[in-house]
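Time to open my notebook and jot down what I look up in this one. I'll go one item at a time.

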Amino acid sequence: MKRLTFLFTLCLLIMSRLATAADHSLVTGMQSEHVDITVNFTGQDTLIFGALSKQGDVIIKVNSPDMNMDLSHKRSIGPLWLDGGKLTVRKSPGLYYLLSSKPIDKIVSTAEEQKYGLHLRDALKNAEVDSTAAASMGDWRSAFINLKKEAGLFRKIPDAVKLLEKRLFVATIQLPANIPLGTYQLDIYLAQNGHIISHQTRHLDVHQVKLEHWIANAVNLHSWVFGVSFTVFAMLLGLTLGMALRRSTAS
Amino acid sequence: MEIFLPIAHMDVNLLLILSFGFIVGLLSGLVGVGGGFLITPLLIFTGVPPLVAVATGSAQIVGTSAAGSYAHWRLGNVDFKMAILLLLGSWTGGGLGVFLARALQQSGQFGNIVTFLYVVLLGFIGVSMLIESVNAVRRRTSSSGATSDKKKTGKSWLDKLPMQINFPVSGLQLPLVVPLVLGVGVGVLTSLMGVGGGFIMVPIMLYMLKMPTKVVVGTSLFQLLFTTAVVATMQAGINMSVDPFLALTLILGSILGTHWGTILSVRLPAEQLRLVLALVVVGVAIKMLWGLLATPAELYSLSVLLQ
């Protein structure tokens, strides 16, 4: 309830801004512009909201920085199932969400869908693969997208954006714990009569903080120092605890 | 009790990981294996990326075998002479294995080779141990002393090799090359399979070298400790794939397990201990074989490309 009140006030504020900036048919706001990954991070919901000066539907596209992935494929050879091929897929977003107020194909035309990348398969639009390796991988695009969907990293949710009074919208972006790090790009589109009539871009910074940040830094930047000291520490920990336990049982 | 792992980059249940550690530790204290062949599949099953699972597994074995080695050392169960010769071999073998692993990885056959190694080695070792220990338990219950004539078979050619060395703790005389070659072989497998090599070392010491069971456990743990220490350091240094939270939780669980395992190992008869190890090894082999034979639910799999 508190959240709604907060939202409502914010939206009123935005509305007043809309009145002054008439050329903007879309004004947006975010609950937070960063996601902090701490020791007890189990995923996070973040709100995105805004106001529309014109009636229409809203599509939100969220994508994280590109990653390089390996896709492997099992084949049956005789009675056995073996790894039969590997394809390196470069430059595909780690996370790709499409949230909308209605199914996207009902909001915009196919041409618009293609132009703005409003289909999950568009996540692989800029992907780079070795074409000879790809030829032997079957329908690798669908496989890639399905695996990403299962991991909760590619999503298409046609009712995630709620329209209030036809002039306000609010959406909850549910981020799982295993999200990639980096600066995410959020594209918010306003569509009317099958066309995108307004577009806004926002950013969401996903990073490790405090202890998580410190550890990740130590592991990645001083890997040998970390390796040696952690191994010695593990050994000493094992020894001390082992000794302590032995004493306590002996006495 | 959820915790976010900074390197594996996922959240896990602390208690689940603790219990994994405990189970592996129990096995380690009981029969002297590091449990790498068990912990790596368990972690992967939880969703930990394979490379992080393998690397963190070796860090966990360092902690576990440190506790176990100490306990067995206090019980006088470590043959240091044997352990050091084995280590010289396994460090060399481990180094060779790293290059072999890279070559296999480039040819795209690494996954298949590793699975085959697991199935064939674990299957062979497990089944022969199972047969042996079932026979031993039977002999024990029928209390006939038929074990004495078995000791001489298959050792005569070893006696003819030069540079015979006495191992007083094990009550054995063996040529120098035996522990060295054995060490190299185990070292290669350690790098390829991401395990400490205890499950290979223990049966070889028991059945080929005929070392006493109690000394086998202590010596194997001691050798494991220093092999995995090198591997864990290298994994952290080169691949940056040791997750400290995951490793520490596993170590805590496994040390508790090891403690109870070691206490139990003194009380339980040696034949039954071997039976436990045999059953676990066969179980893992069957699981791996099933993975090869069963039609996979998902033909494709996705992993982050290594830099």
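I started with helix 7 of chain B, residues 177–193. This is a predicted model, so I'm reading computed values throughout. The helix has 17 residues and reaches 24 Å from its first C-alpha to its last, close to the 24 Å expected at 1.5 Å a residue.

Next I asked how many of the residues in helix 7 of chain B are buried. I got 12 of 17, so I wrote down "mostly covered". Among the buried ones I noted Val178(B), Leu182(B), Val186(B) and Leu189(B). My reminder on helices: there are 3.6 residues a turn in an α-helix, so residues three or four places apart point the same way.

Then I zoomed out to chain B as a whole. I found 11 helices and 5 strands there. Buried residues make up 50% of its 307 residues. A compact globule with 307 residues would have a radius of gyration near 19 Å, and chain B agrees, because it has 19 Å. Its C-alpha trace spans about 55 × 40 × 40 Å along the principal axes.

Last, I looked up a sheet that uses both chains. It's an open one with 3 strands in the order 6(A)-5(A)-5(B), paired antiparallel. Which strands stand at the edges? I found strand 6 (80–93) of chain A and strand 5 (300–304) of chain B there; each has a single partner strand, so one side of each lacks a neighbour in the sheet. From one strand to the next, the twist averages 25°.

I also checked how strand 5 (residues 66–77) of chain A is joined to strand 6 of chain A, and found 11 bridges. Met67(A) stands opposite Ser92(A) in strand 6 of chain A.

Conventions
Residues are numbered from 1 along each chain as its sequence is written. Chains are lettered from A and ligands numbered from 1 in the order in which they are written. This is a predicted model: local features need pLDDT of at least 70, side-chain atom pairs count only at pLDDT 80 or more; totals for chains, interfaces and linings use all residues. Two strands pair if DSSP finds at least two bridges between them. Helices (H or I, at least four residues) and strands (E, at least two) are DSSP runs, numbered from the N terminus. Axes are lines fitted to C-alpha atoms, for helices over the stretch in contact, and angles run from 0 to 180 degrees between N-to-C directions. The expected span of a helix is 1.5 Å times one less than its number of residues. A residue is buried if 20 or more other C-beta atoms lie within 10 Å of its own, exposed if 12 or fewer, and partly exposed in between; C-beta atoms are placed from the backbone. The radius of gyration is taken over C-alpha atoms; the globule rule is 2.2 Å times the number of residues to the power 0.38.
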